[in-house]
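New to this one? Take a look at the sequence and the model first, and then we'll walk through a few parts of it together.

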Amino acid sequence: MVRRQLSGRGITDERVLAAMAEVPRELFVPDELRWRAYRDGALRIGEGQTISQPWIVAVMAQLLELTGGERVLEVGTGSGYAAAVLARLCEEVVTIERHESLAREAAARLTELGYDNVEVRHGDGTAGAPDRAPFQGISVTATAAGEPPPALVEQLDDGGRLVCPVARGGRELLLRLRDGVEDTVADVRFVPLVAGDEDRM
Ligand code: SAH
């Protein structure tokens, strides 16, 4: 996976490549899909949600430019896989998931695997985690309409990096924000970011 899907396709951060090689992706997917865990795509994980393609997890981690001392916020825990990758790259991760069952399963899995620097929260991630802000990195793994949620931008530390897929003009673009400057990096596909009151959890 690392050689074919990542280092050949623009992932150059050695720490990211090492983290992707170390986290056992097969333990984050449903049993019956384990044989497909290392394929070059997303997989279903229940509640109509997905675990992201390995390449996109690596791209987002690389864009955060982590060196080890950061506190990182993830919105959209899903399986907990990306949180596990981030946990190997920074000091601590706070990750928020709106589906209670997914949050519970991800928390249990991360604890079992020994990721003791990840805090999983159940709730609406568009509000961020003001009690733990500021964050040096923020990763949103569901697509926002137009712009990243303003509360997340506010919780970004000076010089911090935020990555978030946004829907604009019929496209889904991965956006990175750093020092108030926006770059769009790639066309992507994620599930929609659902704000707390948009439907029942
Ligand atoms: N990072 C995940 C993939 C996440 S898929 C992994 O590695 O497996 C996107 C997730 O975002 C879904 O689980 C979805 O339920 C969640 N989500 C969508 N809107 C959200 C919100 N407002 N707050 C928290 N989680 C949200």
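What follows is a short tour of a predicted model, taken one topic at a time.

## The main core

Let's start inside. The largest nonpolar core has 44 residues, and the members that touch the most others are Ile-11, Met-20, Ile-56, Tyr-81 and Val-85. Several elements give two or more residues to this core: helices H2 (14–22), H3 (54–63), H4 (81–87) and H5 (100–112), along with strand S1 (43–46). H3 brings the largest share, with 8 residues.

Which residues does Ile-11 touch, once those up to four places away in sequence are set aside? Its list runs Leu-6, Val-16, Leu-17, Trp-55, Ala-58, Val-59 and Gln-62. There's also another core lying apart from the main one, made of 19 residues, including Ile-96, Ala-142, Ala-144 and Leu-173.

## Gln-5, tucked inside

Now for a residue in helix H1, which covers residues 2–6: Gln-5. Is Gln-5 buried or exposed? Gln-5 counts as buried because its relative accessible area is 8%, and the cut-off for that label is under 20%.

So who keeps Gln-5 company? Leaving out neighbours within four places in sequence, Gln-5 is in contact with Tyr-38, Arg-39, Asp-40, Pro-54 and Trp-55. Take Tyr-38: 33 residues separate it from Gln-5 in sequence, while their C-alpha atoms are 9.6 Å apart in space. A polar atom of the Gln-5 side chain sits 2.8 Å from the backbone oxygen of Tyr-38.

## Two strands and a helix

Strand S4 (residues 92–97) and strand S5 (residues 118–122) pair up in the parallel sense, with 5 bridges between them. One pairing to look for is Glu-97, whose bridge partner in S5 is His-122. Add H5 to S4 and S5, and you have a right-handed β-α-β unit.

## Around the ligand

There are 27 residues around the ligand, and the ones that come nearest are Ser-79, Glu-97, Asp-124, Gly-125 and Val-194. You've met Glu-97 already, as the bridge partner of His-122.

A few polar contacts are worth finding on screen. From the backbone, an N or O atom of Ala-82 is 3.0 Å from an oxygen atom of the ligand. Arg-98 also uses a backbone N or O atom, at 3.2 Å from a ligand nitrogen. With Thr-141, a polar side-chain atom lies 3.3 Å from a nitrogen atom of the ligand.

Terms used: Residues are numbered from 1 along each chain as its sequence is written. This is a predicted model: local features need pLDDT of at least 70, side-chain atom pairs count only at pLDDT 80 or more; totals for chains, interfaces and linings use all residues. Side-chain values use heavy atoms; hydrogens and water are left out. A nonpolar core is a set of buried Ala, Val, Leu, Ile, Met, Phe, Trp, Tyr and Cys residues joined through side-chain atoms within 4.5 Å. Buried means under 20% relative accessible area, exposed over 50%, partly exposed in between (1.4 Å probe, protein chains only). Helices (H or I, at least four residues) and strands (E, at least two) are DSSP runs, numbered from the N terminus. Contact means heavy atoms within 4.5 Å. Two strands pair if DSSP finds at least two bridges between them. A crossover is right-handed if, with the strands pointing away from the viewer, the path from the first strand over the helix to the second runs clockwise. A residue is near a molecule or strand if one of its heavy atoms lies within 4 Å of it. A polar contact is a pair of N or O atoms within 3.5 Å; within protein, one must be able to donate a hydrogen and the other to accept it, and residues adjacent in sequence count only if both atoms are side-chain atoms.
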